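Student: I have a structure open and would like to understand the terms people use for it. Could we go through them together?

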Amino acid sequence: MRALVIGWASFRDGGASAGDVLGMRRVGVALSAAGMPHDLAWSPACRREGLAYEEADPARYSHVVFAGGPVHGWQIREVHRRFAHCSRIAVGVSVDDPDDETVAGFEEVLAGAHPGIATPDLAVGAPTDEVLVVGVILGPEPGPVRASVTKWLAGLDCGRVPLDPRLAASDWEHCATPDQFTSILSHLDVAVTTRPDGLVLGLRAGIPVLAVDPVDGGGAVTAQADALGWPALVPADEAREPEILDSWWRWCSSVQGRAVAALRALPVDDGTMRDMLKALKAGSAG
């Protein structure tokens, strides 16, 4: 006996949600606890590692468990065809039409959502791990630096939060005040930015910032990193090297990186304001 756990996260064009993946994970945990050998099958878009659903050998399995999501469509009809010799069970799924052939193809359907029936979603009891939450503050201009950074970000195991420091009082997708924006930053673990304001505001909030200067030879990002004494700066010509980004990522994620960032959040001795006031007084005297 061996079970194959599949769901919408298994299909190449399934469009899986986090809840779908957690539903499969919960089924896998239950099977492990029961001592039932099993595999979880994933689509390439959902997970780079692990068993690919399309490569799963039907002859290897005695059971198929379909976990979570709606029961309809050609993908599930293909499951019934491909694994016709297996005992097929659906668990935690939603059923709109009990007479649909995709529903009837399962020996048993333990619905999570069905007319007149509602049980807690599988994701409620699924285990999860804590990962770093990262604010991503990138400039709007396309280019090789931005492309390198976004490709690198896609491979990180972290919660990515795209942020735009531009304010708009009438647009809910943007902060209306700088106070709102800095409040978001203060709840993050790390920031990654190609913008000088992303570096400044991140450090002001006391979080480590991996700053990448998109300007060859150094621009405003480099100038602010120098002014603030911030070491985690990657020049434009090094942004194409994932190893360099990885190295600074590890430093920003470390205790040392957080400690240095906390120091940068302290009030600074701002000579600029003194010079401004001095100039104002000189102008008034004249």
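Tutor: Gladly; we will take the terms one by one and set each against its definition. Keep in mind that this is a predicted model.

Student: Let me start with Arg195. Why is Arg195 called buried?

Tutor: Buried means under 20% relative accessible area. Arg195 has a relative accessible area of 15%, so Arg195 is buried. You will find Arg195 in the loop between β10 and α6 (196-204).

Student: Which residues does Arg195 touch?

Tutor: Leaving aside residues up to four places away in sequence, Arg195 touches Ile137, Leu138, Gly139, Pro140, Asp164, Pro165, Arg166 and Val221. Contact here means heavy atoms within 4.5 Å.

Student: What makes strand β8 largely enclosed by the rest of the structure?

Tutor: Count the buried residues: β8 covers residues 133-137, and four of its five residues are buried, so β8 is largely enclosed.

Student: How do you know that β8 pairs with strand β10?

Tutor: Pairing requires at least two bridges between the strands. β8 and β10 (residues 190-193) have four bridges, in the parallel sense, so they pair. Among the partners, Val136 stands opposite Val192, and Ile137 has Thr193 as its bridge partner.

Student: And what joins β8 to β9?

Tutor: Four bridges again, with β8 and β9 (residues 159-162) running parallel. Gly135 has Val161 as its bridge partner in β9, and Val136 stands opposite Pro162. From β8 to β9 the chain crosses through helix α4 (residues 144-154), and this β-α-β crossover is right-handed.

Student: What makes that crossover right-handed?

Tutor: The term applies because, with the strands pointing away from the viewer, the path from the first strand over the helix to the second runs clockwise. You can try that view on the crossover from β8 through α4 to β9.

Student: How many bridges does β10 have with β11?

Tutor: Three, in the parallel sense, with β11 at residues 209-212. One of the partnerships is Val192 with Leu210. The chain crosses from β10 through α6 to β11, and this β-α-β crossover is right-handed too.

Student: What is the order of the strands in the sheet?

Tutor: This open sheet of five strands has the order β9-β8-β10-β11-β12, with parallel pairing.

Student: Why are β9 and β12 called edge strands?

Tutor: β9 and β12 (233-234) each have a single partner strand, so one side of each is left without a neighbour in the sheet.

Student: How do you know that both faces of β10 are covered?

Tutor: In a regular strand the side chains alternate between the two faces of the sheet. On one side of β10 are Val190 and Val192, on the other Ala191 and Thr193, and all of these are buried.

Student: Which residues have the most contacts inside the largest nonpolar core?

Tutor: Trp152, Leu199, Leu210, Val212, Trp230 and Trp249, in a core of 39 residues. A second, separate core has 21 residues, including Leu4, Ile76, Val79 and Cys86.

Student: Last one: where does the largest share of the lining of the largest pocket come from?

Tutor: From α1 (18-33), which supplies four residues. The pocket has a volume of about 980 Å³, and of its 29 lining residues the closest to its centre are Val21, Arg25, Cys46, Arg47 and Asp157.

Key. Residues are numbered from 1 along each chain as its sequence is written. This is a predicted model: local features need pLDDT of at least 70, side-chain atom pairs count only at pLDDT 80 or more; totals for chains, interfaces and linings use all residues. Side-chain values use heavy atoms; hydrogens and water are left out. Buried means under 20% relative accessible area, exposed over 50%, partly exposed in between (1.4 Å probe, protein chains only). Helices (H or I, at least four residues) and strands (E, at least two) are DSSP runs, numbered from the N terminus. A nonpolar core is a set of buried Ala, Val, Leu, Ile, Met, Phe, Trp, Tyr and Cys residues joined through side-chain atoms within 4.5 Å. On a 1 Å grid over the protein atoms alone, a cavity is a set of points where a 1.4 Å probe fits but cannot get out, and a pocket is an open set with protein on both sides within 12 Å along at least five of seven lines; lining residues have an atom within 4 Å of a point. Grid points are joined across faces, edges and corners, and a volume is the space filled by probe spheres set on the points.
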